Amino acid sequence: MMTSLSELTQRKSHGPKLAVLTAYDYPTARLLDDAGVDLLLVGDSLGMVVLGMPDTTGVTMEMMVHHTTAVCRGVTRAPVIADLPFASYLTPEMAVANARRLMDCGAACVKLEGGVSMLPQIRAIIDAGIPFVGHIGMLPQSVKEEGGYKKKGKTAESIDHLLADAQAIDQAGAVAMVLESIVPAVATQITALVKASTIGIGAGPDTDGQVLVTPDLLGSFPWFRPPFAKARADIAGETLRAVREYMAEVQA
Ligand code: KIV
């Protein structure tokens, strides 16, 4: 039976922490669901770790629909968060229409990047009855404007922005929010401040849950792995070994 989002977010007060992983396809989703992962995220990181793009800004709604549908076919228990990709929520109307498309694929909620500046879009999604997950801190969809991936919360001004973003998303009624690449002490402060569950990535250990890009965890994308992500398997190495063994047998 599908776990409800409220069952998961109630764990903010009494734990255990939420274990969240990304999935982009049916077999991975099915394995993660079988393993008991709390929530799956069809992240637009799929642009890089599945489709070989340089960043997430080339990911389209069509791609998100395709992959969200596959992931939702693989789960019987874990709710699925689907990312609204770059330029798919330029207006509140666009945000609601595209959020509905992802919900129609079977997602339990949608996520978009930004806080105060995205408040009209966030309110419109929530007013439309669609459960919403925020995403603040380092925002991969803004990599070109920002000139790289930069940790947030290092200056008083940056901390003020983060706190304002977190409160705006929380007061709008988000069920959860991703805190990406934020100074750990600031992530701890946000977690204490908001009702929504915080899900950290590169934001220290004190959030209500953690999310990882699954290829980083499994070692299946060996060309880049962020320093905070510990690979607990070597799928790339195993793939090379199995393929070479097969070739040696065929060509013997
Ligand atoms: O796209 C993604 O995988 C994400 C995570 C990094 C949180 O948004």
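Reader: How many salt bridges does a search of the whole structure find?

Author: Eight. This is a predicted model, where local features need pLDDT of at least 70 and side-chain atom pairs count only at pLDDT 80 or more, while totals for chains, interfaces and linings use all residues. Residues are numbered from 1 along each chain as its sequence is written, and side-chain values use heavy atoms, with hydrogens and water left out.

Reader: Why is the meeting of Arg77 and Asp33 called a salt bridge?

Author: The term needs a side-chain nitrogen of Lys or Arg within 4 Å of a carboxyl oxygen of Asp or Glu. Arg77 and Asp33 have N to O at 3.5 Å, so the pair fits. The two are 44 residues apart: Asp33 is in helix H3 (residues 26-35), and Arg77 is in the loop between helix H5 (61-74) and strand S3 (80-83).

Reader: What makes the ligand's pairing with Ser45 a polar contact?

Author: A polar contact is a pair of N or O atoms within 3.5 Å. For Ser45, a side-chain N or O atom is 2.5 Å from a ligand oxygen, so that counts. Asp44 does it at 3.0 Å, and Lys111 has a polar side-chain atom 2.9 Å from a ligand oxygen. As for cover, the protein buries 95% of the 260 Å² that the ligand exposes when taken alone (Shrake-Rupley method, 1.4 Å probe).

Reader: Which residues come nearest to the ligand?

Author: Gly43, Asp44, Ser45, Asp83 and Lys111, out of 13 around the ligand. To be near, a residue needs a heavy atom within 4 Å.

Note on methods. Polar contact = N/O pair within 3.5 Å; in protein donor to acceptor, adjacent residues only side chain to side chain. Helix = DSSP H or I, 4+ residues; strand = E, 2+ residues; numbered from the N terminus.
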